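Colleague: Before I use any of these labels, I'd like to hear the reasoning behind them. Can you take me through the structure?

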Amino acid sequence: MSKETNSHQRAAAEQKISEMVQQSKILETYLNDILTREAALTRLIGEAQLATEGLQSLSSDASVDSMVPLGVGVYVRSTIEPVKNLLVNIGAGIAIEKSRNQTINYIESKIKEFEIGIGQLNRQKEQITIRLTQIQNEINMIIQNASK
């Protein structure tokens with residue numbers, strides 16, 4: 001009878017470990033997704049900061065010679081007239097005209113949104129990491145108990 005009980009306990013332990021390993025894999029996939037989203041938000045913050053710096057460097061009363069990127073490393077020389085208003089894409093293919101200061105404020109508000117998003121992702125990463133550690137500890141305990 002003891003062999004049969006031991007066999008059932010071992011099968012139950014193996015089943016529990018298998019479930020925990022599967023849960024761990026799902027959490028790791030989710031963690032990788034969070035890391036990808038965090039990297040995207042970080043890139044957006046950098047892009048927004050560059051846009052703000054670019055807007056601040058443009059003159060509101062004199063033309064500025066510049067190089068405008070067309071894509072894939074191709075640029076065209078251009079003269080930017082004094083900047084009074086800009087078109088700002090607000091989503092769904094809709095752009096509205098804003099003053100330079102309104103545009104800078106808009107970009108800074110987007111940066112704050114991105115930073116909040118990164119903060120939320122960091123909290124999720126912490127929770128997932130804690131859960132992964134718990135799962136690993138539980139697996140280790142099951143293995144130790146099964147080997148006794």
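Modeller: Sure, and keep in mind that this is a predicted model. Let's start with glutamate 138, which has a relative accessible area of 28% and is partly exposed.

Colleague: Why is glutamate 138 called partly exposed?

Modeller: Buried means under 20% and exposed means over 50%. With 28%, glutamate 138 falls in between, so the label is partly exposed. Its partner arginine 131 comes out at 24%, so arginine 131 counts as partly exposed too.

Colleague: What makes arginine 131 and glutamate 138 a salt bridge?

Modeller: The cut-off is a side-chain nitrogen of Lys or Arg within 4 Å of a carboxyl oxygen of Asp or Glu. For arginine 131 and glutamate 138 the N to O distance is 3.4 Å, so the pair passes.

Colleague: How many salt bridges does the structure hold?

Modeller: Four. Another one of them joins the side chains of aspartate 33 and arginine 37, at 3.3 Å from N to O. That value is within 4 Å, so the name fits here as well.

Colleague: How are aspartate 33 and arginine 37 placed in helix H1?

Modeller: They are four residues apart in H1, which runs over residues 2-57, so about one helical turn separates them. Aspartate 33 has 35% relative accessible area and arginine 37 has 34%. Both values lie between 20% and 50%, so both residues are partly exposed.

Colleague: What about glutamate 38, buried or exposed?

Modeller: Buried: its relative accessible area is 14%, and the label needs a value under 20%. Glutamate 38 also has a salt bridge, with its side chain meeting that of lysine 125 at 3.0 Å, N to O. Glutamate 38 is in helix H1 and lysine 125 in helix H2 (residues 100-146), so this pair ties together parts that are 87 residues apart in sequence.

Colleague: Let's move to the empty space. How much space lies in the largest pocket?

Modeller: About 360 Å³. It is lined by 16 residues, and Glu47, Ala48, Ala51, Thr103 and Ile107 are the closest to its centre. H1, strand E3 (85-91) and H2 each give two or more residues to the lining. The largest share, seven residues, comes from H1.

Colleague: Which classes of residue make up the lining of the largest pocket?

Modeller: There are 12 nonpolar, two polar and two charged residues in the lining. Ala51 is one of the residues closest to the pocket centre, and Ala counts as nonpolar. Alanine 51 lies in helix H1. Its relative accessibility is 33%, between the 20% and 50% limits, so alanine 51 is partly exposed. Its C-alpha is 16 Å from that of glutamate 97, which is 46 residues apart from it along the chain.

Colleague: Which residues form the nonpolar patch on the surface?

Modeller: Leu70, Val72, Val74 and Val76, with about 410 Å² of accessible area together.

Colleague: How do you know that leucine 70 is exposed?

Modeller: Leucine 70 has 62% relative accessibility, and the label needs over 50%, so leucine 70 qualifies. Leucine 70 lies in strand E1 (residues 64-71). Valine 72 sits in the loop between E1 and strand E2 (74-80). At 87%, valine 72 also clears the 50% cut-off and is therefore exposed.

Colleague: What is notable about the backbone of valine 72?

Modeller: Its phi is positive, about 45 degrees, although valine 72 is not a glycine. Alanine 92, not a glycine either, has a positive phi of about 55 degrees. You'll find alanine 92 in the loop between E3 and strand E4 (94-99). Alanine 92 is exposed because its 78% is over 50%.

Colleague: And isoleucine 34, buried or exposed?

Modeller: Buried: the value is 0%, which is under 20%, so the label follows. Isoleucine 34 is found in helix H1. Its C-alpha is separated by 37 Å from that of glutamine 9, 25 residues apart along the chain.

Colleague: How far apart are glutamine 56 and isoleucine 104?

Modeller: They are 48 residues apart in sequence and 8.1 Å apart in space, C-alpha to C-alpha. Glutamine 56 lies in helix H1. With 47% it does not reach the over-50% mark, so glutamine 56 is called partly exposed.

Conventions: Residues numbered from 1 in each chain as written. Predicted model: local features only at pLDDT ≥ 70, side-chain atom pairs only at ≥ 80, totals over all residues. Heavy atoms only, no water. Buried < 20%, exposed > 50% of the residue type's maximum accessible area, 1.4 Å probe, protein only. 1 Å grid on protein atoms, 1.4 Å probe; cavity = no way out; pocket = protein on both sides within 12 Å on 5 of 7 lines; lining within 4 Å. Points joined across faces, edges and corners; volume = space filled by probe spheres on them. Patch = residues over 30% accessible without salt bridge, like charges linked within 9 Å, V, L, I, M, F, W, Y side chains within 5 Å. Areas by Shrake-Rupley, 256 points an atom, 1.4 Å probe, with all protein chains shown as cover.
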